[in-house]
Amino acid sequence: MASSLRTLIPRSARRAGGSLLFTSRWSASQNQRRQYSLQAPDAADPRLRAVDASALSITKTTSPKPITPSEELIFGRSFTDHMMSLEWTATDGWLPPRITPYQNLSLDPATCVLHYAFEAFEGMKAYKDRNGDVRLFRPDKNMARMNKSAARIALPTFDGEAVIELLKKFIKLEERFIPSQRGYSLYIRPNIIGTQRTLGVGPPGSAMLYVIASPVGPYYPTGFKAVSLEATDYAVRAWPGGVGASKLGANYAPCIVPQMQAATRGFHQNLWLFKDIDPETGKEEDFVTEVGTMNLFAAIVNKDGQKELMTAPLDGTILEGVVRDSVLTLARERLVPQGWKISERRFPMRELVEAANEGRMLEVFGSGTAATVSPVRVISYQGKLVNCGLPDNEEVGPIALQMKDWLDGIQYGDEEHPWR
Ligand SMILES: Cc1ncc(COP(=O)(O)O)c(C=O)c1O
């Protein structure tokens, strides 16, 4: 059996990639978890990962697009003049990168991405600072995450630093599309797909990494607007040992129906829960994980009377958000000295309900590249509304506001910081 399976996988495509860890068992105690290293064949092969940024060829458009007035920008609807792409084959590795006019892809109907979802992506932004210089925010994090996602679905990995060099050249070429007003930016969408023409289910023998960019306005053009969430208890986004921590297109399509259902009941987005036994109490709980495109933070006064900012841990079921990491880092640096406890830990909805009922709920907010932070007013859970601590006439709590100010300051270059 093993040998017949091996013959199904073309020799050239038997390669492996960055390793990632997942747990075989999630509940019970952390100590009981066994960790496996999941490696795609050959992605660790330096020859196949190498990207030659100096071989970039640029073909400029002959019909530059008009610039959409800033106030008319709709997220992800208008794109810049060009795209950047690199092709990969299992025999030759990454081929010379190209910047070309933005154009359709031509794919055979049998291309594996269209059948088996060999696709991973990233979302990042370039910001124009007050001197007109363009800044990327922690692009190394996006490249690392994209490599992990790609390796998980047997797509090739790549030299992230070389791709950042290429991104810089691409963004420089598209600079005129980046609005200079505060709050505006260029949303950058790197995407990697399996391009082999085959209906056979196996690792793609060819792939393409391409990058497109879209100018975007502020998420809240007229100031913060707190959102309402519906906690989903009839569907699960991710599970232990699954791929919830990878940024795969296949993770997003199944989330839309619950999101639409939440919308029909008047909620902006849904909140994903994970039902599991709490090892400390032996009781089943609905653990809070994340929102459709955001990680979630809750600030409460805990039962010891200490202010605590908490978010779900990176246990393989949630996306390792770049903004999540940035909020945690800034909170540890700047809120801990003010007496805060910062926790990456599992917390159930019950804890939020109790905090709200006992007057210990301070605020709840989401974190993500699109909005940076997104304040939450209420969460609907088991037919009741959990009030997240915002006074009726306010749209954002002090911690979310502080985080937004700190992050904006770094992203737009008011504060010099290694993350620029
Ligand atoms: C499922 C999910 N969680 C969290 C995030 C936030 O991640 P980041 O902070 O890197 O934008 C995103 C955004 O892409 C997401 O899609």
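This passage describes the fold, the ligand shell, the central strands and a few individual residues of a predicted model.

Residues are numbered from 1 along each chain as its sequence is written. Because the model is predicted, local features need pLDDT of at least 70 and side-chain atom pairs count only at pLDDT 80 or more, while totals for chains, interfaces and linings use all residues.

The chain holds nine helices and 20 strands (DSSP runs numbered from the N terminus, with helices being H or I of at least four residues and strands E of at least two). Of its 420 residues, 42% are buried. Here a residue is buried if 20 or more other C-beta atoms, placed from the backbone, lie within 10 Å of its own, exposed if 12 or fewer do, and partly exposed in between. Contacts (C-beta atoms, placed from the backbone, within 7 Å) often span the sequence: among those between residues at least 6 apart, 71% join residues at least 24 apart.

The ligand is a good place to begin the tour. It is surrounded by 13 residues, and the closest are L319, G321, V323, G368 and T369; a residue is near a molecule or strand if its C-beta atom, placed from the backbone, lies within 6 Å of it. Two or more residues of this shell come from each of β15 (294-301), α7 (322-334) and β18 (361-368). With three residues, α7 gives the most. By class, the shell has four nonpolar, seven polar and two charged residues. In this scheme Ala, Val, Leu, Ile, Met, Phe, Trp, Tyr, Cys and Pro count as nonpolar, Asp, Glu, Lys and Arg as charged, and the others, Gly among them, as polar.

Two of these shell elements, β15 and β18, pair in the antiparallel sense over six bridges (strands pair if DSSP finds at least two bridges between them). Within this pairing, L296 stands opposite G366 in β18. Seven of the eight residues of β18 are buried, leaving the strand mostly covered. β18 also pairs in the antiparallel sense with β19 (372-381), over five bridges, and S367 stands opposite V373 in β19. Three residues separate β18 from β19 in the hairpin that they form.

From β19 the strand pairing carries on to β12 (227-232), with which it runs parallel over four bridges. The bridge partner of E230 in β19 is S380. β12 is likewise joined by four bridges to β13 (269-277), again in the parallel sense, and T232 has W272 as its bridge partner in β13.

Packing around these strands can be followed through the largest nonpolar core, which has 53 residues. Such a core is a set of buried Ala, Val, Leu, Ile, Met, Phe, Trp, Tyr and Cys residues joined through C-beta atoms within 7 Å. The members that touch the most others are L271, L296, F297, A298, V376, I379 and C388. Leaving aside neighbours within four places in sequence, V376 is in contact with A226, V227, L229, V364, F365, G366 and C388. Apart from this core lies another, of 41 residues, including A162, V163, L167 and F170.

One lysine is singled out by a record: UniProt, in an unreviewed entry, lists K247 for "modified residue: N6-(pyridoxal phosphate)lysine". UniProt positions are given in the numbering used here, feature names are shortened, and annotations may be inferred rather than shown by experiment. K247 sits in the loop between β12 and α6 (256-264). It counts as buried because 23 C-beta neighbours lie inside 10 Å. Beyond four places in sequence, K247 contacts A120, F121, E122, R145, S149 and L319, and L319 is also among the closest residues to the ligand.

Another loop residue, E395, lies between β20 (384-387) and α9 (398-411). E395 counts as partly exposed because it has 17 C-beta neighbours inside 10 Å. Setting aside neighbours within four places in sequence, its contacts are G223, F224, K225, A226 and P375. E395 and V227 are 168 residues apart in sequence, yet 8.7 Å apart in space, C-alpha to C-alpha.

Two backbone angles also deserve a look. Most residues other than glycine have a negative phi. R138, in the loop between β9 (134-136) and α4 (139-152), is not a glycine but has a positive phi of about 45°. With 20 C-beta neighbours inside 10 Å, R138 counts as buried. Q382, in the loop between β19 and β20, likewise has a positive phi, near 50°. Q382 is exposed, with 10 other C-beta atoms within 10 Å.

Note on methods:
Contact = placed C-beta atoms within 7 Å.
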